[in-house]
Amino acid sequence: MKKINWGIVSTGRIAALFCQDLAFSPQSHLYAVAARQQADADTFAKQYRADKSYQGYQALFDDPNVDIVYIATPHNFHFQQAYDALMAGKHVLCEKPMTVSVEECQQLCQLAQQKGLLLMEALWTYFLPAMKQAKQWLDDGKIGQLKHVKVDFGYPIPFSPNGREYNPQLAGGCLLDMGIYPLAIADYFLAADIDDLYVQAQLCETGVEDDVIIIAKCEQVAVSLASSFQCRLSNNAYLIGDKGYIVIPDAFRASECHLYHLDDLVDSYADNRHSLGYHFEADEACRLVALGITQSDIVSHQDSVLFQSQLARVKALI
């Protein structure tokens, strides 16, 4: 199959990590990058060997050689940039959270369907082999009936009132920034939506949350989730059944998982990858574009709308 030409929106840290991993995606070609300043785009293009660099995102969207756009800007900009890319006829892989409201997410999904274009939320965790192995153990009944799901994700981020993470005008707060990981990882293993939500949150000086604990249920499964800017949490996922449990260390970037029966370790898996892991989602996006498929069955439009719904319901309780 021919190479898929990627256009990168942003020259920030996440964009750099993604482009670093494109070297591990055989169908991907880093074609162009765009930034607000030409110098930033030029430097990034040189470092990651992109063919083109643009000042301004619309110039990238208008390039007929760009097949798919990867959006890695702060999430409050995602909607307009994804909208503009779709209107320009480009497939879109958009960083999470894809939008900051259910309505925005639904509007993008509808537009992508109307245009016959791929729109996929860049939930790279769903594509990691260790996550798939843990799901297989669960589906095979290795831990019996699922009783508890526990996931957290947190790193200390120094307070800065004008920083993206703490600025309410930039959709700041740990819920959208980090909390989507525990919610989405729980959704990956659960068969239904969560309900009976209880939320405990701490607010910082700017009024956004910097620590959030979520207690919920999914049918008969107890769900415990947390995210934080205050401290490093365990960042692990635990799937606990009546016969055993599964541990996924650093679940957001999972490279291994472990299966226990009571106190005994009975199986382990490690992918031994040399990449960071972003190329797995890039591979999926390339496959879908090449086949003319406009929606992933791994991270579907329905999944993205569900994430937005859950984030909104939690936010309402903060």
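Reader: In this predicted model, is Tyr155 buried, partly exposed or exposed?
Author: In the predicted model, the relative accessible area of Tyr155 comes to 26%. A residue is called buried under 20% and exposed over 50%, so with its 26% Tyr155 is partly exposed.

Reader: The structure holds 16 aromatic pairs; which geometry does the pair of Phe153 and Tyr155 have, stacked or edge-to-face?
Author: The ring centres of Phe153 and Tyr155 lie 6.0 Å apart, and their planes stand at 85°. Planes over 60 degrees apart count as edge-to-face. The pair of Phe153 and Tyr155 is therefore edge-to-face.

Reader: And Phe153 itself, is that residue buried or exposed?
Author: The relative accessibility of Phe153 is 7%. As the limit for a buried residue is under 20%, Phe153 counts as buried.

Reader: Why is the pair of Tyr245 and Tyr260 called stacked?
Author: A pair of aromatic rings is described by the distance of the centres and the angle of the planes. For Tyr245 and Tyr260 the centres are 4.7 Å apart and the planes are at 0°, and planes under 30 degrees apart count as stacked. The pair is thus called stacked because its plane angle is 0°.

Reader: Which strands hold Tyr245 and Tyr260?
Author: The two residues are 15 residues apart, and their pair links distant parts of the chain. Tyr245, which counts as partly exposed at 25% relative accessibility, lies in residues 245–248, while Tyr260 lies in residues 256–261. The strands are β12 for Tyr245 and β13 for Tyr260.

Reader: Where does helix α7 kink, and by about how much?
Author: Helix α7 runs over residues 174–189 and reaches 22 Å from its first C-alpha to its last, close to the 22 Å expected. A kink nevertheless appears shortly before the proline Pro182. The kink lies at Ile180 and is about 40°.

Reader: How many of the residues of α7 are buried?
Author: The helix has 16 residues and is described as mostly covered. The number of buried residues in α7 is 16 of 16.

Reader: Which elements help to cover the buried residues of α9?
Author: Helix α9 has 17 residues and reaches 25 Å from its first C-alpha to its last, close to the 24 Å expected. Its buried residues are His301, Ser304, Phe307, Gln308, Gln310, Leu311 and Val314, and Phe307 is also linked by ring pairs into a cluster with Tyr126, Tyr188 and Phe189. The elements that cover the buried residues of α9 include α5, β6, α7, β8 and β9.

Reader: How many residues apart in sequence are the parts tied together by Glu209 and Lys315?
Author: The side chains of Glu209 and Lys315 meet in a salt bridge at 2.9 Å, N to O. Glu209 lies in strand β9 and Lys315 in helix α9, so the pair ties together parts whose separation in sequence is 106 residues.

Reader: Within that pair, which relative accessible area belongs to Glu209, and which relative accessibility to Lys315?
Author: Glu209 is buried, whereas Lys315 counts as partly exposed. The value for Glu209 is 2%, and the value for Lys315 is 38%.

Reader: Which helix holds both Lys135 and Asp139?
Author: The side chains of Lys135 and Asp139 meet in a salt bridge of 3.0 Å, N to O, and Lys135 is partly exposed with a relative accessible area of 22%. The two residues are 4 residues apart, about one turn of the helix. An α-helix has 3.6 residues a turn, so residues three or four places apart point the same way. The helix that holds Lys135 and Asp139 is α6.

Reader: A search of the whole structure finds 11 salt bridges; how far apart are the closest N and O atoms of Lys2 and Asp67?
Author: Lys2, in the segment before β1, and Asp67, in the loop between α3 and β4, are 65 residues apart in the chain. Lys2 is exposed, with a relative accessible area of 56%. The closest N and O atoms of Lys2 and Asp67 are 3.4 Å apart.

Reader: Leaving aside neighbours within four places in sequence, with which residues is Gly56 in contact?
Author: Gly56 lies in the loop between β3 and α3 and counts as partly exposed at 24% relative accessibility. Its contacts beyond those neighbours are Ala34 and Ala35.

Key:
Residues numbered from 1 in each chain as written. Predicted model: local features only at pLDDT ≥ 70, side-chain atom pairs only at ≥ 80, totals over all residues. Heavy atoms only, no water. Buried < 20%, exposed > 50% of the residue type's maximum accessible area, 1.4 Å probe, protein only. Contact = heavy atoms within 4.5 Å. Phe/Tyr/Trp six-rings, centres within 6.5 Å; stacked < 30°, edge-to-face > 60°. Expected span 1.5 Å × (residues − 1). Bend = angle between axes of the 7 residues up to and from the residue. Salt bridge = Lys/Arg side-chain N within 4 Å of Asp/Glu carboxyl O.
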